[in-house]
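The following exercises concern the arrangement of two sheets and the surroundings of a ligand. Please work through each task with the structure in view before reading its solution.

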Amino acid sequence: MTSPLAPPDRLLLGPGPSPVAPSVLDALGKPVIGHLDPEFIRIMDETSEQLRAVFRTSNPLTFPVSGTGSAGMETALVNVLEPGDVIVIGVNGVFGGRMADAAARAGAVVTTVEARWGDIVDPVQLGNAATAANAKVVALVHAETSTGVRSPVDQVRNAIGPDPLLLVDSVTGLAGIPLEVDGWGIDVCFSGTQKCLSVPPGLAPITFSPRAANVVAERKTSVQSWYLDVSMLRKYWEEGQGARAYHHTAPISMVYGLWEGLRLVMEEGLETRWARHQDAGDFLQDALTELGFQMFARKGYQLPQLTSVRLPADVPDSLRGNLLHEFGIEIGGGLGEGAGKVWRIGLMGHGATRHNAERLIESLRALL
Ligand code: PLP
């Protein structure tokens, strides 16, 4: 324990974390100031403002939850759900299943609409289930990181009608593929910093529509989680500088990192960034198909930022270890049903380039 910390140099092409942009790493090393310092509050306000732009929303209640994407998921669910409330959840992979688990723990009555892994949850089926159950909330995953599927979230509001709250996990979607929180009628949307934002794991951007914020304000029972109770947090985020009060110590350095990550998104332009992800993903998927890999996700619904492929019979899962140790490249194995049979390759955020796809393909060719 006497020499300084020296993690190895890796090219992160797994399902997250993604490569962190150098200027974000610089921002993380800036001097720490107090979380109630007016200068830090200004940085927080700018962070929220930039998050609104990236989520494509005007929701006042938009902020980064202190915690990883899963903290965003809990915050979303435990605030809008009270014991006995009905929620319909689309499940086509690991992360939909996790939402069902978390919602049940919050005391909700959970109905799941299941789809085969690799396929989408049909918005019409979600709508039928929501009507049949008189659901208060409908939830689904925008970008299923376990399968590489992009859900047609833009069609869900139309299918479920105006009443249920629409809650979306966009941990892997935000800043990588189109997401229109206001345009698609989403009420609660959460994300994570370590995917297409290219910031280390540690914060979970979240946004609540005024209607959802109102549902939280009118709860009859208190939120089971003290730390994630938005009615306490919103005092900090919504009520202006004068009202800022201590709830918990904001993770200062992570907010710096997110601020810079968001600045990079805005500098590049959101549409340009979506197009860059699409281009890199298409390039990789064509090259992998040529090598004999089969896409796991249904055609037409493949995420560009997370490619999920079935391994050809002569390619062992253990090759991932060779990629890491011989070439310094990390890719992910399959989760759940895909374990041992599937690889998950991320081209996210700063890492979403043809150059990185080429590096991976060349290394794979050398190993095969
Ligand atoms: N939801 C999705 C779609 C994810 O991909 C992840 C993480 O990979 C999570 C939720 C949980 O995020 P975290 O691991 O940052 O807690």
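**Exercise 1: The four-stranded sheet**

Strand 14 pairs with strand 15 (residues 342-346) in the antiparallel sense, over two bridges. The model is a predicted one: local features need pLDDT of at least 70, side-chain atom pairs count only at pLDDT 80 or more, and totals for chains, interfaces and linings use all residues. Residues are numbered from 1 along each chain as its sequence is written, and side-chain values use heavy atoms, with hydrogens and water left out.

Task. Identify the bridge partner of Gly 333 in strand 15, and state which strands stand at the edges of the sheet.

Solution. Step 1: strands are DSSP runs (E, at least two residues), and helices likewise (H or I, at least four residues), numbered from the N terminus. Two strands pair if DSSP finds at least two bridges between them. Step 2: the bridge partner of Gly 333 is Trp 343. Step 3: the open sheet has four strands in the order 11-12-15-14, with antiparallel pairing. Step 4: strand 11 (294-295) and strand 14 (332-333) each have a single partner strand, so one side of each is left without a neighbour in the sheet.

**Exercise 2: The seven-stranded sheet**

Task. Determine the strand order of the open sheet of seven strands, and describe how helix 4 packs on the sheet.

Solution. Step 1: the order is 2-10-9-8-5-3-4, and the pairing is mixed. Step 2: strand 2 (61-66) and strand 4 (109-114) stand at the edges; each has a single partner strand, so one side of each lacks a neighbour in the sheet. The twist from one strand to the next averages 20°. Step 3: strand 3 (residues 86-91) and strand 4 run parallel and are joined by six bridges; Val 86 has Val 109 as its bridge partner in strand 4. Step 4: helix 4 (residues 94-105) touches strand 3, strand 4, strand 5, strand 8 and strand 9, and its direction makes about 160° with that of strand 3. Contact means heavy atoms within 4.5 Å; axes are lines fitted to C-alpha atoms, for helices over the stretch in contact, with angles from 0 to 180 degrees between N-to-C directions.

**Exercise 3: The ligand**

Task. Which distances separate polar side-chain atoms of Thr 145 and Thr 172 from oxygen atoms of the ligand?

Solution. Step 1: for Thr 145 the distance is 2.4 Å. Step 2: for Thr 172 the distance is 3.4 Å.

Note on methods
Polar contact = N/O pair within 3.5 Å; in protein donor to acceptor, adjacent residues only side chain to side chain.
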